[in-house]
Structures are given as C-alpha cells and as structure tokens.
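Trainee: I have a model open and would like to learn how to read it. Where should I begin?

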Amino acid sequence: MLANWTKEQLSAIETSGCDLLVAAAAGAGKTAVLVERIIRKIIDESNPIDIDNMLIVTFTNAAASEMRERIGEALGKELEKKPESQKLQRQMLLLNKASITTIHSFCMDVVKNNFHMLDLDPNFRIADETESVLLKMETMEELFEQKYEEEDEDFIYLLDRYGGNKDDKKLQDMILNIFEFVQSSPWPQEWLDKMCNAYDTTGQWDFHKTPWATIIMEHARVEIDGALNQLLKAEKIAWENQGYEKCAAQLSDDINMIKLLREAAEESWDKLYKTYSTLEFSRQQGPHKTADKAAYETLKELRKEAKDRINSLGDGFFNCSSEDIKGDLEALYPVISTLSALVSAFSKMYLDKKKEKAIIDFNDLEHFCLNILTQRDEEGRVQPSPAALSIRDRFKEILVDEYQDSNLVQEAILSVISKRDEDEPNVFMVGDVKQSIYRFRQAKPELFLDKYKRYSEKEDSKERKIKLFKNFRSRKEVLDGVNFLFRQLMSPYIGEIDYDQGEFLNPGALYPDDMEKTSDCHEIELHIVDLKKDETVKVELDEEENIQAEDVEDLDSIQAEARLIGQRILCLMGMGGENSQAFRVYDRDLDCYRDIKYKDIVIL
C-alpha cells in the first residue's frame, strides 16, 4: 500500500456522498486506493460501515481473492495498532462472508436466494461449456426440423438466400451468433424487436437519421479530413518548389472540391451522395521540365493516397441515394423479421431444454438476476423489485473495479440495487477506458465514457469524477514514449478518447539521484514485429551453415517477440553486438535463406 498519497488519490479515498468515477491510468495505484477507501470506511469514527455492508465487484475470481487478501492484511495492520479494538476484530470475522465477488457470483447468490421467483429447479447447476455447446446444437437441429415440417415459406425464403449451397449450417451459425450477441442486452427480446423495426420504412422515414447513416457519415468525414490533410501537405510542397505552379493550381482545385464534399457530409446523406457522384479528379500534372524533380514523387504519392481515400468511399457507401436504400430495406424487412423470429424461437427452446436438465449458463445468471431485481410499472417502465430494495438497504456502498469492462446487463443490475436515484448516491467505479480489451465479450466501454464526459470534477457534485494519471510503475522516459505514441493513435473516432495532455501518463515514482544522472541509459526503444498472415517466417534454431528444412521452426507472434527480447538482452549484456547475426530466416517468396541483423529488425 502506498505510504504517501497524492492529492487526487486522497480525494478518491475520502470523497463520499456521490456517485464517483475514478479514471485510473496504468500504474496509478488504483487497487491500493480502493483498498484504502474500504479500510477507512470500516474504521471511520463518525460513520463506520461494516465490511459485509459493502458490495465490492471485481472482474475475476482471482482479483476477488486478491482483494479479500489485501483487505485482510490492511485490517491486520490496523489490529496491530489497536489490538483491543472490538470493531476491528468484528470486521476480521465479517471478512469471510463479505460480498467481495465477481458479478456472476453476486448474481448466483441472488438467484439462489430467490429461486422461488423463477420457474427454476432449486437444485440447478451451471452447465459446462461442452454441455452448453451440445445442447445448443441439439436445439438448433430440432428447430430446423420443425420449420421444415411446417413448410414455412418465410423460413424457406430466408434459407434459400442465406443458408449456403450445401446445407443450412450457415444460417444456423447466423442465428447462433445473433443469439449470443443479444445476451449482452438487459432485455434481449426488446433489443431484437427494436433492431427489426429499424428496417420498417413506413411513415416519416429519413435514412440520414438511422444508426447506419450516422456511422457511415462519421467514417466519411474522417476519410475526407484525412484526404484533405494530405492534399494540403502536397500543395505546400508545390508552393515551396519552383516550376511546380501547375501542380499547385491542380492541388488547389482538388482542395476546393474536397472542401465542398466535407460541407456536404455535414448536411445530409443525399447531399453527400449527389456531391460525391459529381466528383472527379483531373490527370496528374507534373512540374516544369527544368524544375527539380526531387519533391515530385512525394507530392504525387500524397495526392494518390488522398484520391484512393476518397475513391474508397464509393465502394459500397455512396453509390446509392436514400430512395434506393429505402427500397432495399423494404425488401429486407420480412427477411429480418423471419430471422428475428428464429432467434426468439431458438432462445425459448434452448431455455426449456436447460430447465428440463436443471442447468443454467452464465448469461442466464445475469438475466435471471435482473428479472428478480426488476419489475414493470403500469406504463411499462422498469422499477426495482422488493428484492432489489432489500439489497439496496443492505449495501451502504457499491464499489466496482475494472468498470470499463462492464456490459449493459451488469450495468442494469448495479443500477437497480444502487441509490443513484436517492439523496445518497453510493456507487464508486474505478477503471481506465484505455485498458478496455473485452469488447469481443460485449463489454461496453461507452458506459465508462458516458460518465467520464457527464460527471463533474467539482467537489460538491452528486456525480463526480477524479482522474488518477500519475504513474508509479514506469520511468519518465517510458511514459513520454507511450504518451507520444498514444497521442498519434488515439482520437474520439479511433480509440474513443482524445489522448491530449489531460490524458497523459505523468511520472509519479521517485528514483535515486545517481540513477537519474545516467540519463543516457534511459532512451526507450520501439520494436515492431511484422508477422504477415500471407507469409511464413521461419527462424533458424542454430547458426550452422548447412540448414535443412526440418531445422527451422514457425514462430507465432508471442514466440517471435520472446526471441527478439532474448536477443536484445544478449546485446545489452555485451554477449552480442548490434551488428551480430541475430536471425536467419527463410524467405518464401525468394525461396532462399537470408540473414537479418538485429539492427534491421523492427517489431509490429
């Protein structure tokens, strides 16, 4: 645990009476802050909270065990200071039954304690992955057999177009993928209905206002801006070189044309479609024959890249008007309706089969828990159930670790048991959107980003955020390199955050003066290992001249990275020079072996 807290860390530890979002960058000591906050809540003299009156949600079982252990160690240290304290002794006893858990473990407790509210065998168990896969396959086969027997015309129509040439597996996989995806929604059937209705073009319909147009138009604006920047760079080169007047005039025309396209991208789909359809680049102009040609290749390449970016927008994007798209959607609507109905039917049959076997899966845990904790009022609005209100009364504070990896179901569960709508909001969330890596599991970093943008840094706010951007793990040189790279790579469009100075990692660790003086040893290195999928790089295991095919091995990305790190360590230890042979590789295209020196290696 950190001995000296920064101002921001101390604020994250002590702030109460609000929903608090802590944006903790890598190495910012978030776990130490979380543990210290819990300990101070427990030992607070004026308003103490028992450890079993806190819900502490972690991302994995290992993280939950580590958190319980660290809290136990911190309590033990406090007991050493006050061995007679009955309060601390009580907390040590309560620690074993405290709710330091993953979201799935919490859901399991809720379901077990309220199974009577569900049509569920009280002796249910969690199905293993193999069992679930086999049961899904069995359910899918029965569903398709049923549809074949019914001779459902809509089903046959869908099968003809999306079922594949040989069998119906392609359509089965499509149904299964959609089913898996919608499980991340709090109410899957409502999500399916909503997505299906998006294809309904009756009434006042405007494609520009659809989610598809929003995404495509944003992509178009990014590509147009990129092309415009490249043309401006090319124009600058033209004006800086004598004899490039024709090039400069041509680029000026290109820039004006692209600016008109950018303005259209801010108006509407049809405006952008019409402007794009009239767009045409003229043939490349060259410099005067007496001019220096050195800059021409760079200028020409910049213009070509800009043209390619603009031309790519016509490939599947701006090649049809709103009216054309409306006709396509009208044709797709019955197909999507049939597909949605099949997903719903599969979901019901699969659930029935699980009930017969008294098994559930992890998605069921979350949805069953949410069903127990919610109810609908007369207007169909979601309200907390008596079970949720009971849990809300029990937990004085809810602390969520790795909040950037929460999904919509988990967010709904935590929202309904929290006091966000009352006078005493009590949710503490800590995470870092830059470390969100579980989108493929339907994690929604947008939940973190929404609060990050909405919450205030004012101390009296009921929805407050605190930034922890001091890094205690790495040297300044490393952080400067990371900041430089992330600044180039991350934006609201790519990375979902504008990585400016407010997001930079700042050095917080202190090093001895004698280590700081040897600054020449602190230069960072960036290595890029490029493992192209269409090429096989084979690396020699020994340095003998006579190499046989069986003497080489295929390396995956992890192995290649480890091999290069090993070579670099040898160089740093003086056991290999920068010019020494590091690898001999087999070049498939050239059908021969060639040497790669360490200095020639860059890593991707």
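Mentor: We will go from confidence to overall make-up, then to single residues and empty spaces.

Trainee: What pLDDT does the protein average?

Mentor: Start there, since this is a predicted model. pLDDT is the predictor's confidence in each residue, from 0 to 100. Here the protein averages 85, and 88% of the residues score at least 70.

Trainee: Which elements have the lowest and the highest mean pLDDT?

Mentor: Strand β13, residues 538-540, has the lowest mean, 45. Strand β8, residues 397-400, has the highest, 95. Look also at the stretch around β13: over residues 533-552 the pLDDT is below 50. That stretch still has 39 contacts in the model beyond near neighbours in sequence. Residues 597-604 also fall below 50, with 30 such contacts.

Trainee: Next, the overall make-up. How many helices and strands does the protein have?

Mentor: There are 21 helices and 16 strands. Of the 604 residues, 43% count as buried. Then ask how far apart in sequence the contacting residues are. Take contacts between residues at least 6 apart: 71% of them join residues at least 24 apart.

Trainee: How do I read one helix? Which residues of α1 are buried?

Mentor: List the buried residues, then see what they pack against. Helix α1 spans residues 7-14, and its buried residues are Q9, S11, A12 and I13. They pack against helix α2 (30-43) and three strands: β1 (19-24), β9 (427-431) and β10 (463-468).

Trainee: Now a single residue. Is S99 buried or exposed?

Mentor: Compare its relative accessible area with the cut-off. S99 has 13%, so it is buried, because buried means under 20%. S99 lies in strand β3, residues 99-102.

Trainee: What is S99 in contact with, beyond its neighbours within four places in sequence?

Mentor: S99 is in contact with M54, L55, I56, R394 and F395. With R394 there is also a polar contact, side chain to side chain, at 3.3 Å. For a C-alpha distance, try D109: it is 10 residues from S99 along the chain, and the two C-alpha atoms are separated by 9.9 Å.

Trainee: Let me try T338. Is it buried or exposed?

Mentor: Same test. T338 has 12% relative accessibility, so it counts as buried. It sits in helix α14, residues 322-357. Leaving out residues up to four places away in sequence, T338 touches D154, F155 and L158.

Trainee: On to empty spaces. What is the volume of the largest pocket?

Mentor: About 1,000 Å³. Then look at the lining. It has 35 residues, and the closest to the pocket's centre are H104, F362, N363, E366 and R441. Five elements give two or more residues to this lining: β2 (54-58), α5 (103-113), α6 (129-150), α15 (362-373) and α17 (408-417). The largest share, 4 residues, comes from α6.

Trainee: How many residues of that lining are nonpolar, polar and charged?

Mentor: The pocket lining divides into 12 nonpolar, 14 polar and 9 charged residues.

Trainee: And how many cavities of 30 Å³ or more are found?

Mentor: A cavity differs from a pocket: the probe fits but cannot get out. The search of the whole structure finds 1 cavity of 30 Å³ or more. The largest cavity has a volume of about 40 Å³.

Trainee: Which residues line the largest cavity?

Mentor: A23, D432, V433, K434, F448, Y452, F469, I497 and E503. By class, that lining has 6 nonpolar, no polar and 3 charged residues.

Conventions
Residues numbered from 1 in each chain as written. Predicted model: local features only at pLDDT ≥ 70, side-chain atom pairs only at ≥ 80, totals over all residues. Heavy atoms only, no water. Buried < 20%, exposed > 50% of the residue type's maximum accessible area, 1.4 Å probe, protein only. Contact = heavy atoms within 4.5 Å. 1 Å grid on protein atoms, 1.4 Å probe; cavity = no way out; pocket = protein on both sides within 12 Å on 5 of 7 lines; lining within 4 Å. Points joined across faces, edges and corners; volume = space filled by probe spheres on them. Nonpolar A, V, L, I, M, F, W, Y, C, P; charged D, E, K, R; others polar. Polar contact = N/O pair within 3.5 Å; in protein donor to acceptor, adjacent residues only side chain to side chain.
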